[in-house]
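Visitor: I would like a close look at one part of this protein. Please start with a charged contact and work outward from there.

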Amino acid sequence: MEKSLSIIISGGGTGGHIYPAIAIANEVKLRFPEAKILFVGAKDKMEMEKVPQAGYEIEGLWISGIQRKLTLKNLLFPIKLISSLWKARKIIRKFKPDVVVGTGGFASGPTLMVANKRGIPTVVQEQNSFPGITNKLLSKKANKICVAYDNLERFFPKDKIIKTGNPVRQDLLLVHSKREEGIEFFELDKEKKTVLVIGGSLGARRINQLIELELEFLKGQEVQIIWQCGKLYHEEYKEYNSVSNVQVHPFLNRMDLAYAAADFIISRSGASSVSELCIVGKPTIFIPSPNVAEDHQTKNAKAIVDKHGALMLKESELDTFSVVFETLLKDEGKQESLSENIKELALPNATGHIVDEIEGLVSWWV
């Protein structure tokens, strides 16, 4: 190969857009160590911190979304968009990418729009079962659209859709061999069942309130709890570390070992979490966040529930939690069927398949 691959990856705003982007970059580097990779994100979002931590360069655009009500931010949006298109054009002209990949989030819009206009191949990676407006718009000109769910031809051109699944952390692929290590790491009682509670990297207020309310009930069920309350809520809930069989963590650095140790999982249903949980294959109760665009977390969870792979409780139904959980705890047949069914929906080779599609668009070596 005479020249090295140059690729721009754009996406961010949330971990659900950032971590798939980093996973794709890691796979590209694994295949092509000499590849040049540049990230493009939104200036004030978490990707500006997380991407450099992962060892990659990033450029920031001055861009944000449109609020649902009239605000000063909305009035600034046209100016921000023009500024971001101008800067994206400058970045692309200088970097000369062979392919541009968008994983969702505000910055991917201007970046892929400029790439499309310049005739550079683009790939959209859609994590959710219900796409956001940015990816719907970008899909019209994209060369490939990598998705994780069925029936997305309602939103995207059918001939461009490739069902690859969502990129996940590679350490999760070995989670089934790590149970003993997980129990030891979290200093758990191997005779008790373990409930893992996760609400995303920042935490989920409503899930935290639920666990606080139901702690006495859960103690009565003789289970132990690994509760990731989130950085925003740790001060509020850390006192429950003193309760026997309860561990409260702001975040979990070893998610692989937390998943390995768990017997039951209570989780939000962001796209990345759902993809991970399909690989982990433990009985799961999804509690979708209702405060996201197009209510996509409910749709993500429903796609699994409809195939009998998990249970779902909407926030409006949390008063039934104790009944639902106790019924599941006592029904080993139900636990087994949920585990088997959710595992069947796993797509563990997603990152490799996405990079296969990227590779196929690079004309100078095909």
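Which residue forms a salt bridge with Glu276, and how far apart are the closest N and O atoms?

Guide: This is a predicted model, so read every value as computed from it. The partner is Arg169. In this salt bridge with Glu276, the closest N and O atoms are 2.7 Å apart. The pair links distant parts of the chain. Glu276 sits in helix α10, residues 271-280. Arg169 sits in the loop between β7 and α6. In sequence the two are 107 residues apart.

Now compare how each partner is covered. Glu276 has a relative accessible area of 7%, so it is buried. The cut-off for buried is under 20%. Arg169 has a relative accessible area of 41%, which makes it partly exposed. The bridge therefore joins a buried acid to a partly exposed base. As a general point, side chains of opposite charge can pair when their charged atoms come close.

Stay with the loop that holds Arg169. Thr164 is found there too, between β7 (161-163) and α6 (179-185). Thr164 has a relative accessible area of 2%, so it counts as buried. Take Tyr259 as a distant reference point. Thr164 and Tyr259 are 95 residues apart in sequence. In space they are 23 Å apart, C-alpha to C-alpha.

Next, other salt bridges. A search of the whole structure finds 19 of them. One is between Asp306 and Lys302, with the closest N and O atoms 2.9 Å apart. Asp306 is partly exposed, at 46% relative accessibility. Lys302 is partly exposed as well, with a relative accessible area of 43%.

Lys302 falls within the span of α11 (296-305). Beyond that helix comes a loop that leads to β13 (311-312), and His308 is in this loop. The phi of His308 is positive, about 60 degrees, although the residue is not a glycine. Most residues other than glycine have a negative phi. His308 has a relative accessible area of 56%, so it is exposed.

Asn245 is another case. Its phi is positive, about 65 degrees, and it is not a glycine. Asn245 lies in the loop between α8 (234-237) and β10 (246-249). At 34% relative accessibility, Asn245 counts as partly exposed.

Back to the salt bridges. Glu326 and Lys330 meet through their side chains, at 2.8 Å from N to O. Both are in helix α12, residues 321-330. They are four residues apart, so about one helical turn separates them. Glu326 is partly exposed, with a relative accessible area of 27%. Lys330 counts as exposed, at 61% relative accessibility. There is also a network: Glu27, Arg31, Asp356 and Glu359 are joined by salt bridges that share partners.

Some charges gather with their own kind. Asp331, Glu332, Glu336, Glu340 and Glu344 form a patch of negative charge on the surface. Glu340 is in helix α13, which covers residues 332-344. A positive surface patch is formed by Lys36, Arg89, Arg93, Lys96, Lys117, Arg118 and Lys141.

Follow Lys117 from that patch. Lys117 lies in helix α4. With a relative accessible area of 74%, Lys117 is exposed. Helix α4 itself, residues 108-117, is mostly covered. Eight of its 10 residues are buried. Among them are Ser108, Gly109, Pro110, Thr111 and Leu112. Val114, Ala115 and Asn116 are also buried. Gly119 follows α4 and has a positive phi, near 75 degrees.

Finally, the whole protein. It has 14 helices and 13 strands. Of its 366 residues, 54% count as buried. The C-alpha atoms fill a box of roughly 65 × 50 × 35 Å along the principal axes. A compact globule with 366 residues would have a radius of gyration near 21 Å. The protein has 21 Å, which agrees.

To return to the starting contact: Glu276 in α10 and Arg169 in the loop between β7 and α6 link distant parts of the chain.

Key
Residues are numbered from 1 along each chain as its sequence is written. This is a predicted model: local features need pLDDT of at least 70, side-chain atom pairs count only at pLDDT 80 or more; totals for chains, interfaces and linings use all residues. Side-chain values use heavy atoms; hydrogens and water are left out. Patches are made of residues with over 30% relative accessible area and no salt bridge: like charges are joined within 9 Å, nonpolar side chains (Val, Leu, Ile, Met, Phe, Trp, Tyr) within 5 Å. Accessible areas come from the Shrake-Rupley method with a 1.4 Å probe; for residues, only the protein chains shown count as cover. A salt bridge is a side-chain nitrogen of Lys or Arg within 4 Å of a carboxyl oxygen of Asp or Glu. Lys and Arg count as positive and Asp and Glu as negative; His and the chain ends are not counted. The place of a charge is taken as NZ of Lys, CZ of Arg, CG of Asp or CD of Glu. The radius of gyration is taken over C-alpha atoms; the globule rule is 2.2 Å times the number of residues to the power 0.38. Buried means under 20% relative accessible area, exposed over 50%, partly exposed in between (1.4 Å probe, protein chains only).
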